[in-house]
Amino acid sequence: MDTALSIAQALLAAIFLITGTVKLTQPREKMAAGPMRWAADVTDAQFRSLGALEVLAAVALIAAAALGAPILTALAAAGLALTMIGAIATHMRLGEANRIAVPAVLLVVALFVAVSVPGQ
């Protein structure tokens with residue numbers, strides 16, 4: 001179980017570090033015209049804030065494990081789960097049902113991490 005949890009934490013951290021960094025470094029308009037159609041519906045500040053929260057959650061997942069702070073790991077994973085619920089809702093609102101598979105899988109992984117962290 002510890003191995004599965006460690007893999008899940010590392011996977012979540014890597015994915016959200018990458019996606020958060022993209023939101024922090026790429027122009028929102030460029031992303032809205034390409035892979036992130038939803039970005040057209042938010043402001044630059046909202047887009048950057050989401051990126052910053054994703055990066056912070058990714059760092060928290062790793063730092064919490066390194067520091068032995070299981071509650072921080074659980075909270076970071078729960079925050080990412082909420083983010084994925086929002087992503088699924090946004091894709092459904094935009095009529096992009098074909099794009100909910102990845103957020104759904106990430107939601108399951110985040111929930112697994114949130115409830116499986118020992119010592120909570």
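**Notes on a predicted five-helix model**

1. Starting with a loop residue: leaving out residues up to four places away in sequence, V42 touches R28 and F47, where contact means heavy atoms within 4.5 Å. V42 sits in the loop between α2 (28-33) and α3; helices here are DSSP runs of H or I with at least four residues, strands are E runs of at least two, and both are numbered from the N terminus. The C-alpha atoms of V42 and R28 are separated by 8.8 Å, with their positions 14 residues apart along the chain. V42 counts as partly exposed because its relative accessibility is 22%; buried means under 20% relative accessible area, exposed over 50%, and partly exposed in between, using a 1.4 Å probe and protein chains only.

2. A word on what you are looking at. This is a predicted model, in which local features need pLDDT of at least 70 and side-chain atom pairs count only at pLDDT 80 or more, while totals for chains, interfaces and linings use all residues. Residues are numbered from 1 along each chain as its sequence is written, and side-chain values use heavy atoms, with hydrogens and water left out.

3. Overall fold: the protein has 5 helices and 0 strands, so the pattern along the sequence reads α-α-α-α-α. Its radius of gyration is 15 Å, close to the 14 Å from the globule rule for 120 residues, so the protein is as compact as a globular protein of that length. That radius is taken over C-alpha atoms, and the rule is 2.2 Å times the number of residues to the power 0.38. The C-alpha trace spans about 45 × 25 × 15 Å along its principal axes.

4. Contacts and surface: among contacts with a separation of 6 or more, 59% join residues 24 or more positions apart. Of the 120 residues, 37% count as buried. The protein exposes about 6,500 Å², and carbon and sulfur atoms supply 72% of that; the areas come from the Shrake-Rupley method with a 1.4 Å probe, and for residues only the protein chains shown count as cover.

5. The largest nonpolar core holds 23 residues, and L12, F16, L61, L80, M84 and V113 touch the most other members. A nonpolar core here is a set of buried Ala, Val, Leu, Ile, Met, Phe, Trp, Tyr and Cys residues joined through side-chain atoms within 4.5 Å. Helices α1 (2-25), α3 (44-67), α4 (70-93) and α5 (101-116) each supply at least two residues of this core, with the largest share, 7 residues, coming from α4. There is also a second, separate core of 7 residues, which includes A32, M36, W38 and F47.

6. L61 deserves a look. Apart from its neighbours within four places in sequence, L61 is in contact with Q9, L12, A13, T73, A76, A77, L80 and V113. A10, found in helix α1, has its C-alpha 7.9 Å from that of L61, although the two are 51 residues apart in sequence. A10 is partly exposed, with a relative accessible area of 40%.

7. Next door in sequence, A60 lies in helix α3 and is buried, at 15% relative accessible area. A60 touches L72 and A76, again not counting residues up to four places away. From A60 to T73 the C-alpha distance is 6.6 Å, for a sequence separation of 13 residues.

8. Finally, the tail: what does V117 touch, not counting residues up to four places away in sequence? The list is L5, P70, T73 and A74. V117 is found in the segment after α5 and counts as buried, at 9% relative accessibility. The C-alpha atoms of V117 and A78 are 11 Å apart, with the two residues 39 positions apart along the chain.
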